[in-house]
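Dear colleague,

Please find below the structure that I am handing over to you. My notes on what was found in it follow.

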Amino acid sequence: MVWGAVTFDGHRTLKWIRGNINSSKYCSTLQEHLLPLLEDAFPEGSSTLIQDNAPVHTSAETRAWSDQNSVNTSVWPVQSPDLNIIKNLWRDAKLSLNKNLDGCKTPDDLFRRFENIFYDIPNPKIQNLYHSNPRRLKAVIKYKGTLTKY
């Protein structure tokens, strides 16, 4: 599994989580990768972590970790991938990766290639996705939580 985070101004982090994910492994990933990102991108401390309702995101252990580390999280409807811009970034990075598989012989090669693609996503693209959130929210409301064009 690959975990990543990106801010409006382009700060980003990526982690390859080998094996199955559980709350403990997820909290360790947040500790190692999210906290440094937040400290760098938001020195004043004002940010919100957007994540879906995967069990590791909503577990008691993860909620306790978020509280202990003063990480604000959002509350999302159960079935709402249309609201999370990281899904768009994953899709674009995967499409680019599929076009650039030459020389990838191992899983490590594949991750390094994906990592390069992810870090090369232009900041204006990320900002456009953030700016699209009000339209995304309106579309989800209009279509009563069903699929939207996003």
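The radius of gyration of the protein chain is 16 Å, which agrees with the value near 15 Å that a compact globule of 150 residues would have. Please bear in mind that this is a predicted model. Along the principal axes, the C-alpha atoms fill a box of roughly 45 × 35 × 30 Å. Of the 150 residues in the chain, 38% count as buried.

The chain contains seven helices and two strands. When the sequence is read from start to end, these elements follow the pattern β-β-α-α-α-α-α-α-α. As for contacts between residues at least 6 apart in sequence, 66% of them join residues at least 24 apart.

Next come the pockets. The largest pocket has a volume of about 680 Å³. It is lined by 32 residues, and those closest to its centre are Gly4, Leu49, Ile50, Asn84 and Ile86. Which elements each supply at least two residues of this lining? They are strand S1 (2-6), helix H1 (23-41), helix H2 (55-58) and helix H4 (85-99). Strand S1 gives the most to the lining of the largest pocket, namely five residues. Sorted by class, this lining has 22 nonpolar, eight polar and two charged residues.

The second largest pocket has a volume of about 200 Å³. Its lining is made of 14 residues, and Gln51, His57, Arg63, Thr73 and Ser74 lie nearest its centre. Helices H2 and H3 each supply at least two residues of the lining of the second largest pocket. The largest share of that lining comes from H3, with four residues. By class, the lining of the second largest pocket divides into three nonpolar, eight polar and three charged residues.

Two residues may serve as worked examples. The first is Thr62, which is found in helix H3 (residues 60-68). Is Thr62 buried or exposed? Thr62 is classed as buried because its relative accessible area is 1%, and the cut-off for buried is under 20%. Which residues does Thr62 touch, if those up to four places away in sequence are not counted? They are Ser23, Tyr26, Cys27, Leu30, Val56 and His57. One of these, His57, is also among the residues that lie nearest the centre of the second largest pocket. In addition, the side chain of Thr62 is joined to the side chain of Ser59 by a polar contact of 3.0 Å.

The other example is Asp109, which is found in helix H5 (residues 107-119). The side chain of Asp109 makes a polar contact of 2.8 Å with the side chain of Arg112. If its neighbours within four places in sequence are left aside, Asp109 is in contact with Gly103 and Cys104. How far apart in space are Asp109 and Tyr143, which are 34 residues apart in sequence? From C-alpha to C-alpha, Asp109 and Tyr143 are 41 Å apart.

When you open the structure, you may wish to begin with strand S1 and the lining of the largest pocket, to which S1 gives five residues. You could then turn to helix H3, which holds Thr62 and supplies four residues to the lining of the second largest pocket.

With kind regards

Note on methods:
Residues are numbered from 1 along each chain as its sequence is written. This is a predicted model: local features need pLDDT of at least 70, side-chain atom pairs count only at pLDDT 80 or more; totals for chains, interfaces and linings use all residues. Side-chain values use heavy atoms; hydrogens and water are left out. Buried means under 20% relative accessible area, exposed over 50%, partly exposed in between (1.4 Å probe, protein chains only). A polar contact is a pair of N or O atoms within 3.5 Å; within protein, one must be able to donate a hydrogen and the other to accept it, and residues adjacent in sequence count only if both atoms are side-chain atoms. Contact means heavy atoms within 4.5 Å. On a 1 Å grid over the protein atoms alone, a cavity is a set of points where a 1.4 Å probe fits but cannot get out, and a pocket is an open set with protein on both sides within 12 Å along at least five of seven lines; lining residues have an atom within 4 Å of a point. Grid points are joined across faces, edges and corners, and a volume is the space filled by probe spheres set on the points. Ala, Val, Leu, Ile, Met, Phe, Trp, Tyr, Cys and Pro count as nonpolar, Asp, Glu, Lys and Arg as charged, and the others, Gly among them, as polar. The radius of gyration is taken over C-alpha atoms; the globule rule is 2.2 Å times the number of residues to the power 0.38.
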